Amino acid sequence: MTTYAIIGGGIAGTTAAEAIREQDSAGDIHLFETEASRLYSRILLPNYLAGRSAKEGLVIRNEQWYTDRKINLNTEATVASIDKDAKKVLLSENSAQPYDKLLLATGARSFVIPFPGHELPGVLSMCTIDDVEKLKQEAEGEKNAVVIGGGLLGLEMASGLSHLGLNVTVIEIFPWLLPRQLDKEGGDVLKTILEEQGLDFRLDAKVASINGTNHVESIQLEGGEQLATKVILVSAGIRPNLDLAKEAGIQVDKGIVIDDSAATSHPDIFAAGDCTEHKGRIYGIWPAAEAQGRVAGTVMGGGTAAFTGIAPSHRLKVSGVDLFSIGEFDKDDENRFERVAGEKTYRKVVFNSKGNPIGAILIGDLKERSKLSQEINASK
């Protein structure tokens with residue numbers, strides 16, 4: 001009987017466990033998760049912050065799901081190290097789990113830019129349910145909040161804080177919002193929509209310092225402007241969790257390097273999700289993590305599968321905002337494109353030399369979303 005160990009109970013690790021069981025009905029599967037929760041939707045955390053979703057509504061897999069598939073789920077379990085020669089996972093409480101095949105699905109952590117004052121209480125980042133609980137506590141009774149970062153999560157959390165009744169200012173270093181998902185014209189349209197919802201913005205702006213004595217009291221921009229606030233959320237992207245892989249001598253670059261079968265540089269050790277780098281790319285999005293987890297689990301269980309990449313697509317989950325982007329939408333100099341902009345609507349489709357769509361942005365009207373997604377993924 002084959003013994004499988006999976007480090008990380010997020011979407012990549014849980015999907016891998018499911019795929020292993022589909023291939024191997026008798027194998028012994030051990031899943032280790034540092035949080036107290038079973039698999040839940042990180043995508044819905046902004047809704048939980050805003051009170052639009054109950055905590056129970058975030059849960060994707062209940063206890064019975066793991067029991068039915070004979071997956072040994074270990075929550076609040078911290079893996080201290082990997083002994084790849086002895087094929088053991090060593091836990092922080094000095095116990096060990098032998099394995100025949102191992103999956104690293106260690107995910108990523110929020111990146112907090114080391115501004116002067118970033119260590120002050122009241123300066124938070126967002127990655128887990130516990131992070132949302134802390135943010136709620138800090139926001140209670142406050143009037144103002146500042147979000148550093150105008151990306152997807154930053155805007156979604158800003159909307160959530162606004163829904164709680166706070167005046168929210170978003171600071172973005174780029175000249176427009178969602179610089180990784182929109183071009184400038186699309187970003188300008190989105191800014192107009194969100195301003196009408198009550199959000200305030202400082203674009204093309206840099207933070208000089210975060211100020212306070214025993215708690216954050218204000219934030220100062222490089223131009224001299226100072227914003228009074230006791231709540232600052234830093235949403236500046238993620239960094240893959242690589243410590244276990246590095247210490248075990250597994251090849252890493254920006255992430256844990258994997259091939260199309262999700263295999264790492266060491267035999268019988270695989271990786272999937274936000275901690276990985278595939279063909280030089282870190283995806284850091286739910287659909288890629290799920291796809292990599294399914295490939296890893298299938299191959300680990302004895303089947304055949306391959307992850308060849310996906311065209312990243314993005315939706316902004318803010319009430320009253322219909323936005324979708326996918327693929328390569330910013331290569332205007334190399335490709336033909338169609339663009340139509342209105343006050344609150346925007347449509348852009350980019351085509352390659354063969355006339356096939358390779359990227360698109362839609363704001364306000366998403367009726368073409370499914371069709372464009374299929375065509376763009378087919379042209380990869």
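Which residues is Leu155 in contact with, leaving aside its neighbours within four places in sequence? The views below start there, and keep in mind that this is a predicted model.

**View 1. Leu155 and the residues around it.** Once neighbours within four places in sequence are set aside, Leu155 is in contact with Gly149, Gly150, Val170, Leu177, Leu178, Leu190, Leu194, Phe201, Leu316 and Val318. Leu155 also turns up on the short list of residues with the most contacts inside the largest nonpolar core, next to Leu135, Leu190 and Leu194.

**View 2. The largest nonpolar core, with 40 residues.** Who chips in here? At least two residues each come from helix 2 (45-50), helix 4 (129-139), strand 10 (144-148), helix 5 (152-163), strand 11 (167-172), helix 6 (184-196) and strand 25 (357-363). Helix 5 gives the most, with 5 residues. Another core lies apart from this one; it has 28 residues, and Ile20, Leu39, Ala105 and Phe307 are among them. As background, nonpolar side chains in soluble globular proteins tend to be buried together.

**View 3. Helix 1 against helix 8.** Here the axes of helix 1 (residues 11-23) and helix 8 (residues 286-300) come within 7 Å, crossing at roughly 30°. Angles under 35 degrees count as roughly parallel, so that label fits helix 1 and helix 8. Their crossing is right-handed. On the helix 1 side, the contact is made by Ile11, Ala12, Thr15, Ala16, Glu18, Ala19, Ile20, Glu22 and Gln23. Helix 8 answers with Trp286, Ala289, Glu290, Gly293, Arg294, Gly297, Thr298 and Met300. Sort the residues of this contact by type and you get 8 nonpolar, 5 polar and 4 charged. Ile20 of helix 1 takes part in this contact and also belongs to the core of 28 residues.

**View 4. Thr192 on helix 6.** Look for Thr192 in helix 6, one of the elements that supply at least two residues to the largest core. Is Thr192 buried, partly exposed or exposed? Its relative accessible area is 26%, so Thr192 is partly exposed. The C-alpha atoms of Thr192 and Lys344 are 7.2 Å apart, although 152 residues separate the two along the chain.

**View 5. Val340 in strand 23.** Val340 is part of strand 23 (residues 336-341). With 56% relative accessibility, Val340 counts as exposed, because the cut-off for that label is over 50%. Not counting residues up to four places away in sequence, Val340 touches Thr345, Tyr346 and Arg347. Asn62 is 278 residues from Val340 along the chain, and their C-alpha atoms are separated by 45 Å.

Methods. Residues numbered from 1 in each chain as written. Predicted model: local features only at pLDDT ≥ 70, side-chain atom pairs only at ≥ 80, totals over all residues. Heavy atoms only, no water. Helix = DSSP H or I, 4+ residues; strand = E, 2+ residues; numbered from the N terminus. Buried < 20%, exposed > 50% of the residue type's maximum accessible area, 1.4 Å probe, protein only. Contact = heavy atoms within 4.5 Å. Core = buried A, V, L, I, M, F, W, Y, C linked by side-chain atoms within 4.5 Å. Axes fitted to C-alpha atoms, helices over the stretch in contact; angles between N-to-C directions. Parallel < 35°, antiparallel > 145°, perpendicular 65-115°, else oblique. Left-handed = near helix turned anticlockwise from the far one by under 90°. Nonpolar A, V, L, I, M, F, W, Y, C, P; charged D, E, K, R; others polar.
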